[in-house]
Amino acid sequence: MTEHLVVVGGDAAGMSAAAQARRLRGPERLRITAFERGHFSSYSACGIPYWVGGEVPERDALIARSPEEHREHGIDLRMRTEVVELDLDRRRVRSRDLEDGTEAWTGFDQLVIGTGAEPARPALPGFDAPGVHGVQTLDEGQALLRTLERDCRRAVVVGGGYIGIEMAEAMKRRGLQVTVVHRAPEPMSTLDPDMGRLVRLAMEGMGIEVVPGAEAKEVLLGPDGRPAAVATTVGEHPADLVVLGMGVRPRTELARAAGLPLGESGGLPTDERMRVPGQDGVWAGGDCVEVLELVSGRHRHIALGTHANKHGRVIGINIGGGSAVFPGVVGTAVSKVCELEIARTGLTEREAAAAGLAYESAVIEATSRAGYYPGAAPMTVKMTAERGSGRLLGLQIVGREGAAKRVDIGAVALTARMTVDQVVSLDLGYAPPFSPVWDPVLVAARRL
């Protein structure tokens, strides 16, 4: 008997699941229908700031597999078609064609929910006006580029997280005067404040105005109904366009309406096989789910393309008849703003305290190469460990070229539950063009 797999969402998690399931089960055993409300499938949302900023010249460079390519592999991908209802009792979904408005029901044996996340958009005056842009999808990126074709000279980025600093760089590259307003004392609240301060100072040195402690109140509109300024708790900041950099939230309205339980962050909980608990044949992955954070043992919403693709692979293997699990994450993330590289993995001091862990931290200054070798660049490394046991809890790095990817040492060490003593003894590669004789991560571990 041929089973029917229905996928809701045509990006990383959903289409990875569909493609993996197709590799394991041919069309005679598994029929696959996927719904995507946008114009594009299987693309890198993480690359949008670099496309908007001009570093990536072509939009299509971000697309891993087009709808036509999915169809050639036996996946019935229906674009510009939004699923508006999940009927889990009758095992069917209701979809709406966004071009002509027609609706239809489609039955399923297996269902993958991959609805992703959406930019956090505060319910404040003016934030829904034209010229206020999120950048979570290619459609949103294209809309922002259309706005930039107008006579835009000043951009205000609301929020100082990953998206905020990346879009600040993109606007700077476009030649705009850029202001970043954020309510925290320092940008990059996923870092400890002392490391976030390094990011702020570097951004200010690049000519980007950073306004901390500024909570947005309203986007003030001009006579044309477009942004003129952003009003905050510490003043007004002129703007011809506004970019939302306040993070994202899981898009789980469909799941909630269908009666599925949601976690504390609003994301869908799943088991280690990416199944929705209590729902036979219902799977979920990507930015709409919560994942186990291995260091603290808590479940969190962490929206990253790396996780989404792994979720999809696990789901596809399981639907295809194999057995796979997603064990969890350690919270690794890297970013950059102009020449400054930023990285973190594991827990910050604040997160360690929230998890009830006693901790110690050490901060060191180092260089990316042997100090005498040309091109050696500075970096600051902060490492946190559990008091008593010495178990590594977290690693943060801010520096220039060659800094960020060193965080992967910490990611592996955290996954293996290593102590800082064990990290000190790691046999890392050394040659003057690549590292000092003591790598900066090992120096931080030794200090700690």
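Is Cys288 buried or exposed in this structure? Cys288 is buried, because its relative accessible area is 0%, where buried means under 20%, exposed over 50% and partly exposed in between, with a 1.4 Å probe and protein chains only.

Before I continue, a word on the basis of these values. This is a predicted model, in which local features need pLDDT of at least 70 and side-chain atom pairs count only at pLDDT 80 or more, while totals for chains, interfaces and linings use all residues. Residues are numbered from 1 along each chain as its sequence is written, and side-chain values use heavy atoms, with hydrogens and water left out.

Let me turn to the cysteines. A search of the whole structure yields zero disulfides, a disulfide being a pair of cysteine sulfur atoms within 2.5 Å. Cys288 is accordingly in no disulfide, and the nearest cysteine sulfur, that of Cys46, lies 15 Å away. Why does Cys152 form no bond with the closest cysteine sulfur? That sulfur belongs to Cys338 and is 19 Å from the sulfur of Cys152, which is too far for a bond. Cys152 is also buried, at a relative accessible area of 14%.

Next, Asp287. This residue sits in the loop between strand 18 and strand 19; helices (H or I, at least four residues) and strands (E, at least two) are DSSP runs, numbered from the N terminus. Asp287 counts as buried because its relative accessible area is 15%. Its C-alpha is 7.6 Å from that of Gly114, although 173 residues separate the two in sequence. Leaving aside residues up to four places away in sequence, Asp287 touches Gly116, Ala117, Gln136, Pro250, His301, Ala303 and Leu304, contact meaning heavy atoms within 4.5 Å.

I come now to helix 8, residues 305-319. Its 15 residues reach 21 Å from first C-alpha to last, close to the 21 Å expected at 1.5 Å a residue; the expected span is 1.5 Å times one less than the number of residues. Its buried residues include His307, His311, Asn318 and Ile319. Among the elements covering the buried residues are strand 1 (3-8), helix 1 (12-24), strand 18 (282-284) and strand 19 (291-293). Just after helix 8, Gly321 adopts a positive phi of about 105°.

Finally, Tyr430. This residue lies in the loop between helix 11 (420-424) and helix 12 (440-447). Tyr430 counts as partly exposed because its relative accessibility is 43%.
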